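Visitor: I am new to this structure and should like to know how its descriptive terms are justified. May I put some questions to you?

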Amino acid sequence: MTTLLLVAAMSLDACGHQRATNSTAKAATSPPSGAALATGGASPYVEPGAGEGAPHYNDNNGYRRAGDMSPAHAKDAQREAERIKPVLERLWEERKWDPATVRTALLRLGYQEDRTGANGERHGGVLSVRAMDSRYQDGHYVTPEGALVGLRVHRDACVTAFVQKTNYQVEANGPFPETGCFEPPYGH
């Protein structure tokens, strides 16, 4: 009879580890089972700050991380973001998000359009407005309606924004390694 009570008080989990089944037990004392890892538990290869936890996540997604801004330049970029946001909000409410209309509205704030030479050298200006990046959808590439905005506030500070049919967004951030003030849509 004592053996039967002991068996009733203890049970085995899927890996054969004993754990308490008494309702007064605070937590199971067994380590996580392989089944827990297979159903969404943490990978043993997680690197610190690795987003979804995939191995080499930080290396593979470095191109999508904005650079650091100095505190003073971050304040300047945030101030410019606050100037741009009401303009994009108004355009979005008016359902006007084509690049030409967005560019014209932002140039009225006093920005000069970014100019580059044939070899990519900068010739002045700080504002770039372009069409949305194309996306692969239903077997072919489509370019959604809308405009992307990149404003170079300082060498280390940008305003990155977009306005499209569904929403708009304005952020102050550092430049991206390969694409400057525009968030890269994909890597190579």
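The following exchange concerns a predicted model and the terms used to describe it.

Visitor: Why is Glu80 called buried?

Guide: Buried means under 20% relative accessible area. Glu80 counts as buried because its relative accessibility is 15%. Glu80 belongs to helix α4, which covers residues 71-93.

Visitor: Which residues is Glu80 in contact with, leaving aside its neighbours within four places in sequence?

Guide: They are Tyr111, Leu151, Val153 and Val159. Contact requires heavy atoms within 4.5 Å.

Visitor: What makes β6 and β7 a pair of strands?

Guide: Two strands pair if DSSP finds at least two bridges between them. Strand β6 (residues 147-154) and strand β7 (residues 157-163) have seven bridges in the antiparallel sense, so the definition of a pair is met. As for a single bridge, His154 has Ala157 in β7 as its partner.

Visitor: In what order do the four strands of the open sheet stand, and which are the edge strands?

Guide: The order is β3-β6-β7-β8, with antiparallel pairing. The edge strands are β3 (127-131) and β8 (168-173), because each pairs on one side only. Direction ignored, neighbouring strands of this sheet are turned by 15° against each other on average.

Visitor: Which strands does α4 lie across?

Guide: Helix α4 lies across β6, β7 and β8, and runs at about 170° to β8. Helix α5 (residues 99-107) also packs on the sheet, where it touches β3, β6 and β7. The direction of α5 makes about 165° with that of β3.

Conventions:
Residues numbered from 1 in each chain as written. Predicted model: local features only at pLDDT ≥ 70, side-chain atom pairs only at ≥ 80, totals over all residues. Heavy atoms only, no water. Helix = DSSP H or I, 4+ residues; strand = E, 2+ residues; numbered from the N terminus. Buried < 20%, exposed > 50% of the residue type's maximum accessible area, 1.4 Å probe, protein only. Axes fitted to C-alpha atoms, helices over the stretch in contact; angles between N-to-C directions.
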